Amino acid sequence: MKNILIIANNGMGNSGVPNVICQVIDAQYKKCRISLLVFNDDDFYYPFLKERNVNIIKLKIEPPKTSFKKLIWYFWTYPRILFKKSTEIIKNNKIDIIHSFKEEEGWSILKAGKRNNVKIRITHCNNEFRKRVGFISEILAKYNRRELLKYSSCNIGVCEKCCLSMFKNKPYSIIYNSYNETKFNNAVKCKLKDEMVLTHVATFSSRKNQLFSIEVLEAIVRQGNKCKLNLVGFPVEVSYLEDIKASIKSKKLEDFVSIIDGRNGVGDIFESTTFFLLPSISEAAPISLVEAQACGISCFASDTITREMDCGGVTFLPINNASQIWAEKIIKTFSTNKNKRNVYDITKFSSDTFTKSIDRIYNL
C-alpha cells in the first residue's frame, strides 16, 4: 500500500480546493495511506477526513510584519522552513507520492521529495497563474513557478487555461473536478411555476462579482418583470458583503434579494431556481456550473470562464457594462422556456472519470 502526502493550499475550509482534495482522498483512501499537510485552522472537512483515517499534519507558519523582513522571508526563510519540515514528514511517513495543491509556493516541498527519492511529485493547479500587483511580487511569483517546474514530475490542471498559464511549455494532464452526483442530478425538480428566480452561488468577493448580479436583477425588475435573486455564499471579503447590502438598499431591491449563508452548501435552493448566474471577473474551472447543469438548470456565465465547463447549458456573456445584455437574454430565455429543466451530458465531470484519472497518475 502506497503512502501519499497531499499538500493543501491552506486549510480545509468550505471552498473549492479543499473539496477537490476530498475528491482525491475519497478516490484513494481504500488503496493508500494518506497524510494531509495543512497550514491553518480551517476544519470544515475534518469529519470527512477522520472517517477516512487521514493523518492530518498542521504546520502554521506566521510571516514577519515588516516589509523588509517579509521580503527575506518569502524569498529565503519560508521555502527553507517548508523544505525542512516536509523532509521530516516524508521520512517519518515513508512517503511514495507527493500531491501538492499549493500552486507555485509548493516547490520547496517537491524539492524535499526529490531529494528523498519520491518518484511521483504532482503539482495540481486549480487557478490561473496571474500577473501580480507590484514588481517584487511578480518576481517572486515567477521565481516560485520556475522552481516548481524544476521539481514537479507530474503536472495536473483543472482546465486548459490553468495549465497553459502555470506550466508554460511543460507536459501536463487535465483532470476535471468531479461533482456530487447523489446531490446534484435530474431528480432535483423545479418547484417554481410562473416565478423567475436567479441563483448566484459563490463566495462573497469582488472576483465573484455579486454586485453585477444585483445590476442584472435591477434591469429585469425595472422592465416590469417579476424576478428574485438568491445570493448564496459566505464572505471572504467582509467589506464586499457590506457593498452588496448597500447596493441592494440603494436600488430598493430588499424585497427581491435573499442573502443565504452557504457555509453548509446550497441545500435545496436549486429546487427554487430558474437560472444560475456566475458573472465572475476571473475563474479557473467553477464546479458550481456543473452542479447546476447536472440539475438541468440553464446557466449564464461571464465570458472569462473557460468553455470547458459548458455541458450544453451555459450561455457565456460579457460583463463590462453589460448588465442590460444579461437582463435581455435572461428575459428572452424565460419567455420561451419558463422553468423547464433540461438534460445535459455531465460525464466528463463524473466521480468515476475523476477516480480513473487519479488512479492513472498515481500508478505512473
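Q: In which salt bridge do the atoms lie 2.7 Å apart, N to O, and how should I read such a pair?
A: In this predicted model, the salt bridge with that N to O distance is formed by the side chains of E283 and K208. The general idea is that side chains of opposite charge can pair when their charged atoms come close. Here the pair links distant parts of the chain, for E283 sits in the loop between β11 (275-278) and α9 (287-294), while K208 sits in the loop between β8 (196-201) and α7 (210-222), 75 residues apart.

Q: Are E283 and K208 buried or exposed?
A: Both of these residues, E283 and K208, count as buried, and the cut-off behind that word is a relative accessible area under 20%.

Q: Which residues are joined into one network by salt bridges that share partners?
A: The network consists of D26, E51 and R52. In one of its pairs, D26 meets R52, with the closest N and O atoms 2.8 Å apart; D26 belongs to helix α1 (residues 16-28) and R52 to the loop between α2 (46-51) and β3 (55-58), so this pair ties together parts that are 26 residues apart in sequence. R52 also forms a salt bridge with E51, where the closest N and O atoms are 3.4 Å apart. The members can be read one by one for their cover: R52 is buried at 16% relative accessibility, D26 is partly exposed at 40%, and E51 is exposed, with a relative accessible area of 60%.

Q: How many salt bridges are there, and how many positive and negative side chains does the protein chain have?
A: The count of salt bridges comes to 15. The protein chain carries 55 positive and 37 negative side chains, and the centres of these two sets lie 7 Å apart.

Q: How should I read the cover of a helix, and how many residues of α9 are buried?
A: As a general idea, an α-helix has 3.6 residues a turn, so residues three or four places apart point the same way. Helix α9 is mostly covered, with 8 of its 8 residues buried; among them are I287, L289, V290 and E291. The elements that cover the buried residues of α9 include β8, β11, β12 (298-302) and β13 (314-317).

Q: What lies around α9 in the sequence, at G296 and at S282?
A: Just after α9, G296 takes a positive phi of about 85 degrees. S282 is placed in the loop between β11 and α9, where it counts as buried at 15% relative accessibility. If its neighbours within four places in sequence are left aside, S282 is in contact with R130, R207 and T304. As for distance, S282 and K228 are 54 residues apart in sequence and 25 Å apart in space, C-alpha to C-alpha.

Q: Where is E104 found, and which residues is it in contact with?
A: E104 is found in the loop between β4 (97-100) and α4 (107-115), and it is buried, with a relative accessible area of 9%. Apart from neighbours within four places in sequence, the residues in contact with E104 are F129, R132, A141, N144, R145, L148 and M166.

Q: Which residues have a positive phi although they are not glycine, and how should I read that?
A: The general idea is that most residues other than glycine have a negative phi. N53 has a positive phi of about 55 degrees although it is not a glycine; it lies in the loop between α2 and β3 and is exposed, with a relative accessible area of 68%. K338, which is not a glycine either, has a positive phi of about 50 degrees; it is found in the loop between α10 (323-337) and α11 (351-362), and at 42% relative accessibility it counts as partly exposed.

Q: How many helices and strands does the protein chain have, and why does it count as compact?
A: The protein chain has 11 helices and 13 strands. Its radius of gyration is 22 Å, close to the 21 Å that the globule rule gives for 364 residues, so the chain is as compact as a globular protein of that length. The C-alpha trace spans about 65 × 45 × 40 Å along its principal axes, and 54% of the 364 residues count as buried. Among contacts between residues at least 6 apart in sequence, 69% join residues at least 24 apart. The accessible surface comes to about 17,300 Å², of which 50% belongs to carbon and sulfur atoms.

Key: Residues are numbered from 1 along each chain as its sequence is written. This is a predicted model: local features need pLDDT of at least 70, side-chain atom pairs count only at pLDDT 80 or more; totals for chains, interfaces and linings use all residues. Side-chain values use heavy atoms; hydrogens and water are left out. Helices (H or I, at least four residues) and strands (E, at least two) are DSSP runs, numbered from the N terminus. The radius of gyration is taken over C-alpha atoms; the globule rule is 2.2 Å times the number of residues to the power 0.38. Buried means under 20% relative accessible area, exposed over 50%, partly exposed in between (1.4 Å probe, protein chains only). Contact means heavy atoms within 4.5 Å. Accessible areas come from the Shrake-Rupley method with a 1.4 Å probe; for residues, only the protein chains shown count as cover. Lys and Arg count as positive and Asp and Glu as negative; His and the chain ends are not counted. The place of a charge is taken as NZ of Lys, CZ of Arg, CG of Asp or CD of Glu. A salt bridge is a side-chain nitrogen of Lys or Arg within 4 Å of a carboxyl oxygen of Asp or Glu.
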